[in-house]
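Trainee: Could you go over this model with me? I'd like to know what stands behind the words we use for it.

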Amino acid sequence: MLTGMHLLLSGIVGSVAYGLAGPGSDTDRIGVFAAPTVAFHGLHPPRESVVTTDPDVTLHEAGKYAKLALSGNPTATELMWLPEDCYETRTEFGERLIAIRSAFLSAPRVRDAYLGYATQQFRKLTTRDSSVGGRRRSAKHARHLARLLHQGRVLYATGVLEIRLADPEWFRAFGERVAGGALDEAEALVAAAQRDFDTIRTPLPERPDEATVEGWLLDVRAAHLPPAG
């Protein structure tokens, strides 16, 4: 999958990391890799992302990953905040990435990303069907809606991303209620989160610390140049 590439950091994300996994849940993985720096100057630059579905793995090249995380992308961001037991690959550059994780954060992008992704989940709920499979999907969308709003608010209020949920049963029960027809509960949760984002005094800066992120990325590029001589 990564011929000539170097995996820097990888781990298990998604429902397993959140504590929401059930008997039929998939195990999702995400990672960051470095490509040989000279390859970016050729006719065929390295792939920015490598995605497989069996198993479910998404790997992003370091530059692509940095841009995603700087945009506030929740899935990319959570890789730097995982519980210790969820990491599978941790190199020196991976450790440095975890050490500068706060540099990627900014108040507007966290708000927009988490509210935006939660709103996508709400739209999926409004188009659900009434079959068994549809109800199962609806419960999943509702859980992720609630989880995104919770994580986004905590991150916005504290500057810390909570991955493993303290009360996963609440999110499961919420998902089942919404899938059973309590769509108004989901709508109310979104509205409450929007109000909270408007009133919380966040410690997050208006802009991310791009200089720190770029320093890490340039060091990755330098380390993956061919040996001199």
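Mentor: Sure, starting with the domains: the centres of domain 1 and domain 2, taken over C-alpha atoms, are 24 Å apart. Their contact (heavy atoms within 4.5 Å) takes 21 residues from domain 1 and 19 residues from domain 2. Mind that this is a predicted model, where local features need pLDDT of at least 70, side-chain atom pairs count only at pLDDT 80 or more, and totals for chains, interfaces and linings use all residues. Residues are numbered from 1 along each chain, and side-chain values use heavy atoms, with hydrogens and water left out.

Trainee: Where do domain 1 and domain 2 run?

Mentor: Domain 1 is 6-105 + 208-224 and domain 2 is 107-198, with bounds from an automatic or database domain assignment.

Trainee: What makes Arg-164 and Asp-85 a salt bridge?

Mentor: The rule wants a side-chain nitrogen of Lys or Arg within 4 Å of a carboxyl oxygen of Asp or Glu. Their N to O distance is 3.1 Å, so the pair passes.

Trainee: Why are Val-213, Trp-216, Leu-217, Val-220 and Arg-221 of helix 9 called buried?

Mentor: Because buried means under 20% relative accessible area (1.4 Å probe, protein chains only), and exposed over 50%, with partly exposed in between. Those five fall in the buried class. They cover an arc of only 140° around the axis (directions from the axis to the C-beta atoms), which puts them on the same side of helix 9. On the other side, Ala-211 and Leu-218 are exposed.

Conventions:
Helices (H or I, at least four residues) and strands (E, at least two) are DSSP runs, numbered from the N terminus.
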